[in-house]
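This note concerns helix packing and the nonpolar interior. The points below are set out for discussion.

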Amino acid sequence: MLRSLKGRSTALCFSSLLCFWLTVCGAAGSFAAEPEAPNVRLQRLATEAKTLYEAGKYPEAVAPARELLAVTEQTMGEDQQLVSQALSNLALLLQKTQHQNEARPLLERALKIDEARFGPTHPGIVRSLTNLALVDQDL
């Protein structure tokens, strides 16, 4: 999903995270009986953050985005593609709320994950490079 940030295109991937958890974890029957199982919690957080973002309530979207990152790291491990997406989403929200200094390290980490997965010259790292450049421009 593309969103505009001061007239520039940036990717916000809450939908990707939500779709993943609905598809993969939502099908796992062992989670269904637990209250606030990891998949349910991730779905709730992704939906909440996305809804707040789309409503322009950026400061309110930061808390669920932070929690979404933490739960994604706990569930998937720290160096997974979904963690990179969660890092980028949180960083873009922080940028929207004028916290570029907090956003930069998150985007650097997302870039490292993407480079490890795709390689340093693969088109798959474009999102991370672009988002990092936009934050640097605002610093």
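1. H5 and H7 are roughly parallel to each other, a class reserved for angles under 35 degrees. Their packing angle is about 20°, and the axes lie 11 Å apart; axes are lines fitted to C-alpha atoms over the stretch in contact, with angles from 0 to 180 degrees between N-to-C directions. The crossing of H5 and H7 is left-handed, meaning that the near helix is turned anticlockwise from the far one by less than a right angle.

2. The model is predicted: local features need pLDDT of at least 70 and side-chain atom pairs pLDDT 80 or more, whereas totals for chains, interfaces and linings use all residues. Numbering starts from 1 along each chain as its sequence is written, and side-chain values use heavy atoms, without hydrogens or water.

3. On the H5 side, the residues meeting H7 include Gln-81, Ser-84 and Leu-92; their counterparts in H7 include Arg-127, Asn-131 and Val-135. By class, this contact has 3 nonpolar, 7 polar and 2 charged residues.

4. The largest nonpolar core (buried nonpolar residues joined through side-chain atoms within 4.5 Å; buried is under 20% relative accessible area with a 1.4 Å probe) has 22 residues. Helices H3, H4, H5, H6 and H7 (DSSP runs of H or I, at least four residues) each give two or more residues to this core. H5 gives the most, with 7 residues.

5. Leu-106 is among the residues with the most contacts inside that core. Beyond its neighbours within four places in sequence, Leu-106 is in contact (heavy atoms within 4.5 Å) with Leu-87, Leu-90, Ala-91 and Leu-94. A second, separate core of 5 residues includes Leu-42 and Val-71.

How values were computed: Buried < 20%, exposed > 50% of the residue type's maximum accessible area, 1.4 Å probe, protein only. Parallel < 35°, antiparallel > 145°, perpendicular 65-115°, else oblique. Nonpolar A, V, L, I, M, F, W, Y, C, P; charged D, E, K, R; others polar.
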